[in-house]
Amino acid sequence: MVVNDPANPATRVALAGLYQRKKLYGPAITQYQEALKLDDQHRGALIGMGMAYYEAGKTKEAQAAFERIVEMSQDNGPREQTALVAGVHFFLGKIYAANGDLPRAEIELKLALSVNRGDADTIHELAQVQAQLGRNEDAIQLYEVAVSMVPDYAEAYAGLAKAYAAAGRTAEADYAAAMVDLWRGNYDMAITRLNAVVRAKPEL
């Protein structure tokens with residue numbers, strides 16, 4: 001494919017995507033880089049390369065690729081409101097949070113939500129950032145939204161349990177922990193927790 005059409009960046013991106021699906025990140029990144037040599041504004045190549053770096057655990061390189069996409073979006077006028085750009089903000093938010101840069105993580109995740117308000121994963125990530133910033137009530141509200149959207153979201157219930165516990169809401173924390181057990185298949189523990197909740201606070 002590339003042999004027959006080596007000067008077409010779309011061909012390089014397509015090949016890179018196939019490598020990426022097979023988790024062959026080195027060859028994928030090489031093809032994305034070749035595509036960018038042909039067209040340094042090719043967003044598909046930049047986004048794909050950023051994701052390949054991210055999936056390969058090279059978050060510094062992924063961050064650079066994602067930040068370049070954001071810069072390109074700003075250079076082209078008003079901030080773009082597309083699902084792809086929302087995804088870039090989402091992953092930048094995760095990278096900043098992992099690096100301890102919580103204020104920047106919050107900004108990126110809120111930008112992602114401004115484009116895609118119904119994304120439970122982004123809401124969950126923002127809840128985690130709020131909790132780390134010490135905004136426990138904000139975190140609780142966000143976790144509650146996430147689990148209302150995805151009832152079997154065990155990770156969000158786990159965060160919610162911690163947030164409830166930090167707020168002194170013991171029964172709610174136990175209920176959320178029971179939901180973690182339920183959705184992770186720990187049924188006996190879920191039953192035990194829920195029985196305790198029923199005895200302590202039957203209105204839940």
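Buried here means under 20% relative accessible area, exposed means over 50%, and partly exposed lies in between (1.4 Å probe, protein chains only). By that scale Glu125 is buried, with a relative accessible area of 15%.

A word on the ground rules: this is a predicted model, in which local features need pLDDT of at least 70 and side-chain atom pairs count only at pLDDT 80 or more, while totals for chains, interfaces and linings use all residues. Residues are numbered from 1 along each chain as its sequence is written, and side-chain values use heavy atoms, with hydrogens and water left out.

Let's look at the salt bridges (a side-chain nitrogen of Lys or Arg within 4 Å of a carboxyl oxygen of Asp or Glu). The structure holds 8 of these salt bridges, including the three below.

| Acid | Base | Closest N and O atoms |
|---|---|---|
| Glu67 | Arg104 | 3.4 Å |
| Glu125 | Lys94 | 3.9 Å |
| Glu106 | Arg135 | 2.7 Å |

Glu125 lies in helix 7 and Lys94 in helix 5, so this pair ties together parts 31 residues apart in sequence. Helices are DSSP runs (H or I, at least four residues), numbered from the N terminus. Lys94 is partly exposed, at 26% relative accessibility.

Helix 5 (residues 83-98) and helix 7 (residues 120-132) pack at an angle of about 25°, with their axes (lines fitted to C-alpha atoms over the stretch in contact) 11 Å apart. The two helices are therefore roughly parallel (an angle under 35 degrees). The contact (heavy atoms within 4.5 Å) is made by Phe90, Lys94 and Ala97 of helix 5 and Asp121, Thr122, Glu125 and Val129 of helix 7.

Elsewhere, Glu67, Asp101 and Arg104 are linked in a network of salt bridges.

Terms used:
Axes fitted to C-alpha atoms, helices over the stretch in contact; angles between N-to-C directions. Parallel < 35°, antiparallel > 145°, perpendicular 65-115°, else oblique.
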